[in-house]
Amino acid sequence: MPNLLRYLFVLLLTFSGGIALAQDAPAAASSSAIAKPALTPVQTLTQLRAQLDDIKSSVDTKKPDVPLNDLRTSALAVQQQAEQLATSLSPQSTSLQTRLDVLGPAPVKGAPPESSELSTQRRQLTKTKTDLDGQIKQANSLGTEAAQLAVHVSELRRDQFQASLASRTATPFSRAFWVDPAQAFPDDLTREQHLNSSVADAVSTAWQPPNRISLILCLIVAVLLLTVGRWLIERALVQVTTNRMPAGHLRRSALAVTITLAYTLTVGLSAHFVYLALNWNDILSEDLDGLAQRLVRLVTFAAFMTGLGRAMLSIKRPSWRLPALSDDAAQRLRMFPWLLGGAAFLLGLLESINDAIGISLSASVATRGFISVLIGVLVADALIRLGKSRRAMLAAGEEPAQRPIWVGLVVAAAFISVGITLLGVASGYIAFAFFIARQMLWVGVILTALYLMMHLVDDIFDTVFAPKGRTGKRMQNSFGLPASALEQVGTVLSGVTRAILLIMAIAFVLAPFGAGPEELAGRIGTLLSGGSLGSLKIVPSNILGALLVFGIGLVVLRVIKRWLSEQLLPKTSFDLGMQNSVLTLLGYVGGVFVFVLALLELNVNLTSITWMASALSVGIGFGLQAIVQNFISGLILLAERPVKVGDWVSIGGVEGDIRRINVRATEIQMGDRSTMIVPNSQFITQNVRNVTLANAQGRVHITLPMPLDTDASKAREIILEVLNAHPSTLATPAPVVRLDNLDAGTMTFDCTAYVNSPRDVSAVKSDLLFETLDRLRDAKLPMTSPQSMIVHTLPASLTNDDNRDDKD
């Protein structure tokens, strides 16, 4: 009866992790009943010293059964515990010193003696503080020693990793490659048969009556989880995502994440139940138990790969697919999540079995070569299928979706990695090929998971901080936030979270391996010959690192500028000119910062670039003075902003709109749509007329001469009606019509109206003149006609008489 209740309890706690609690309950009860007393600082220091000595002994003797990575982790753990102990003891030492300061120093010779109680208390406090300070110094010394040991282990691990990558065996196409595995095959087969026998004994023991019921129940639960359970969970997730979540992109990303997790958990729990079926009453030996737990983790990881691939392809729901993949491409790749997940499991399975039975080195090399070729062929097949899908779309007259730059870089890196893997196996560098193949799988999983999480983060913040959404409205009502501020907060939080995810992805990429790209680049750099230029050392690895830093820095800077220009700055109150100034200054500062980082990667110091500074100073003195002057002037323009992008300026006979402020010159677009390039220094040294600096309104000025006998009041009324009726004229300031002058039978009307922009003045003035002439003509109020000169020709007889009179 108790056993039956236990089985029912396990079934009820399947999805909540209650199995572990049920198994560990007796151990937990016994451990809580007999609580161990806390260690004193002296005992802790003694224990840490013993641990550190053991680690040193393992490093010095180079025990093959202890990985260097585990030794480094143990050394770092000792360092952390020592630092924590020193930190916890420091306040006690400070408190003792404060009490001693209150007691004051001991009386000097000749002074009145103090009480014996006070002297005894001072001696006890002094002794306690001396002992405590000694413990703190010992803890700090242990921490420093452990940190140095961790660095030493890291160097040993790097050397070991580089040596393994550089090792070469016979090529698989040669007979020598297969001779050693064939000779070692009988011994390896014997070891494998011993493992099979141990597994068979464990299964037989699990089938015995004391364990048979638990074995059957656990296997049934595992099968139900893999079949009905997974189907029901995925169907429920689809229903919840479709009906319960708000409409938008969040549905797609949330469904992809939940399907990935559901598939991973169901398959992982099924594997865990199989493990429980075999080890319900701890019947597995220590070695078999470790192998079984490792296989459970491998199954879970392979399930995660498969679930992630299924979520990305979304074969059954194409409209919910996150990546820009066509249906044809998704159908071509539909089997690859299972194939790549199976390859990852096979890789881990062979490695685990080889470690468990202690397989020969030649057989291990052969299996690694097989796995490397298998992974390389699978990745190459997937890339070829993608290419065929794109070519099929082009042949059908369809345009494939444009891929981002990083996707093209990933595809190119995958092609290169496949080539390196296959070439490495063919040439005998199987360890290097195996490293690249395993890295391809791991990096592919991390990049896919990063892509999914970035979409999920963006969609979550867009939904939560949407001004028109339910949560956004609540935030606006609760905190009084404007809509623009809410969008800015969501954009900033999304950007920060994406940056954290990127950093975590980089850490995960480098985590599983004993060495990362830096160690590999260092190994290649030492193999290549280097030189020097004066005191500047030319190291190939440093040059590659500097180029990599410079390229990545420029890409990151470009991404940040694009994010600011497309997402953050448009949601602020900055005008277009201020946004352009911020982006330009960020480009200058970021470019200088990236250049400095590249120089640091090159290990360039001031002594090495003295000759460059000298040559630059001479160049500035002779030919670069104008360039530097324009550059400084450009910075002043961006900082003080006397002119900005979008202003209408007039300088040196050039008039137009400022379209761009560059490092050296400013681009001005003139009225005929041509562009004038003006050096930045002219905006600092010359008089500049900025029409739109203080007031962006335009002024329309019209002068109308009319005859003196015209009805001035009626004419003024008609002109005002025309000025007020035009849709572009402003009501404030209101249009004005003044009688400006009376001269020689003519009166002159001075008419003024304002528009939103000086650029509209010409068109509005033309419209007002046409309308005013039509209205005045309809009202029979003529404009003043220009004066004409009439020339009369006199008769010839009259002209002769006048000439005679002049002679007389």
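In what order do the strands of the open 3-stranded sheet lie? Select β8, β9 and β10 to see: the order is β8-β10-β9, with antiparallel pairing. Strands (E, at least two residues) and helices (H or I, at least four) are DSSP runs, numbered from the N terminus. Two strands pair if DSSP finds at least two bridges between them.

Before moving on, note that this is a predicted model: local features need pLDDT of at least 70, side-chain atom pairs count only at pLDDT 80 or more, and totals for chains, interfaces and linings use all residues. Residues are numbered from 1 along each chain as its sequence is written, and side-chain values use heavy atoms, with hydrogens and water left out.

**Stop 1: the 3-stranded sheet**

Colour β8 (698-707) and β9 (736-743). These are the edge strands, and each pairs on one side only. Now add β10 (residues 746-755), which runs antiparallel to β8 and is joined to that strand by 10 bridges. Pick out I702: its bridge partner in β10 is C751.

**Stop 2: a cavity beside I702 and C751**

Keep I702 and C751 selected. Both line the second largest cavity, along with L704, I719, L723, L768, L769 and T772. Elements giving two or more residues to this lining are β8, α23 (712-725) and α24 (761-778). Helix α24 gives the most, with 3 residues. The space inside is about 40 Å³. A search of the whole structure finds 3 cavities of 30 Å³ or more.

On a 1 Å grid over the protein atoms alone, a cavity is a set of points where a 1.4 Å probe fits but cannot get out; lining residues have an atom within 4 Å of a point. Points are joined across faces, edges and corners, and a volume is the space filled by probe spheres set on them.

By class, the lining has 7 nonpolar, 1 polar and no charged residues. Ala, Val, Leu, Ile, Met, Phe, Trp, Tyr, Cys and Pro count as nonpolar, Asp, Glu, Lys and Arg as charged, and the others, Gly among them, as polar.

**Stop 3: the 5-stranded sheet**

Select β3 to β7. This open sheet has the order β6-β5-β4-β3-β7, with antiparallel pairing. Its edge strands are β6 (675-679) and β7 (689-690). Strand β3 (residues 648-651) runs antiparallel to β7, and 2 bridges join them. Zoom in on S650, which stands opposite R689 in β7.

**Stop 4: the second largest pocket**

Which residues lie closest to the centre of this pocket? Show E234, R310, I315, K316 and R317; they are the closest of the 22 that line the pocket. A pocket is an open set of points with protein on both sides within 12 Å along at least five of seven lines. The volume of this one is about 480 Å³.

Next, show α7 (209-243), α8 (250-278), α9 (286-313) and α11 (336-357): each supplies at least two lining residues. The largest share, 5 residues, comes from α7. The lining has 12 nonpolar, 2 polar and 8 charged residues.

**Stop 5: an aromatic pair**

The structure holds 3 aromatic pairs. Select F461 and F465: their ring centres are 6.0 Å apart and their planes at 20 degrees, so the pair is stacked. Rings of Phe, Tyr and Trp (its six-membered ring) pair if their centres lie within 6.5 Å; planes under 30 degrees apart count as stacked, over 60 as edge-to-face and the rest as tilted. F461 and F465 are both buried (under 20% relative accessible area, 1.4 Å probe, protein chains only).

Conventions
Buried means under 20% relative accessible area, exposed over 50%, partly exposed in between (1.4 Å probe, protein chains only).
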